[in-house]
Amino acid sequence: MTGDTMSNNIIPPTVASGHAKPRIRRIKSTTEVEDINQLEQKLRRKRPDRPIHRPCDSLFSWSSGFNDFGGFVNWGFLLLFLGGSRLFLENVIKYGIRIDPYEWYRVFLGDTSVTVIPQSLILLICKLKQI
């Protein structure tokens, strides 16, 4: 069979002719396909809009050549900072300030008039001694 013939277009042999081989007839589908392709190409050329984008690699692929990821790192730190500050503000609003900042200020400056040792400092020292 050739490329322009199909198996469903076989005409059965006649009994009177005595031939054992069936006759094969040609079909005209190739011209219809070419006409359809030509019509589609004409319609594409007449379209008012044309593609303005060209295919390119993603910035996240290694083949794109993009290797300056500083902006992504800055964006990550910004998100971490915003998430942490939101958590801090929620805790301050919900529980208030649980430590006395003035007392910590006196401890860190080494004020000798401090007669009372802060409880949090005592707990910290005890924990460090156990280790």
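**Exercises on a predicted model: confidence, exposure and a nonpolar patch**

The protein averages a pLDDT (the predictor's confidence in each residue, from 0 to 100) of 76, and 69% of the residues score at least 70. This is a predicted model, in which local features need pLDDT of at least 70 and side-chain atom pairs count only at pLDDT 80 or more, while totals for chains, interfaces and linings use all residues. Residues are numbered from 1 along each chain as its sequence is written, and side-chain values use heavy atoms, with hydrogens and water left out.

**Exercise 1.** Determine the order of the secondary-structure elements and where confidence is lowest and highest.

*Solution.*
- Step 1. Helices (H or I, at least four residues) and strands (E, at least two) are taken as DSSP runs, numbered from the N terminus.
- Step 2. Four helices and two strands result, in the order β-β-α-α-α-α from the N terminus on.
- Step 3. Confidence is lowest in strand E1 (residues 10-11), with a mean of 54, and highest in H2, at 94.
- Step 4. Residues 1-6 have a pLDDT below 50; beyond near neighbours in sequence, this stretch has seven contacts in the model (heavy atoms within 4.5 Å).

**Exercise 2.** Establish what share of the protein is buried and how helix H3 is covered.

*Solution.*
- Step 1. Buried means under 20% relative accessible area, exposed over 50%, and partly exposed in between (1.4 Å probe, protein chains only).
- Step 2. Of the 131 residues, 2% count as buried.
- Step 3. Helix H3 (residues 101-109) is hardly covered, with a count of zero buried residues among its nine.
- Step 4. Glycine 110 follows H3 and has a positive phi, near 75 degrees.
- Step 5. The protein exposes about 13000 Å², of which carbon and sulfur atoms supply 62%; the areas come from the Shrake-Rupley method with a 1.4 Å probe, and for residues only the protein chains shown count as cover.

**Exercise 3.** Identify the aromatic pair and state the exposure of its members.

*Solution.*
- Step 1. Rings of Phe, Tyr and Trp (its six-membered ring) pair if their centres lie within 6.5 Å; planes under 30 degrees apart count as stacked, over 60 as edge-to-face and the rest as tilted.
- Step 2. The count by this rule is one aromatic pair.
- Step 3. Phenylalanine 69 and phenylalanine 72 form this tilted pair, at 6.1 Å centre to centre and 35 degrees between the planes.
- Step 4. Phenylalanine 69 counts as partly exposed because its relative accessibility is 34%; phenylalanine 72 does so at 40%.
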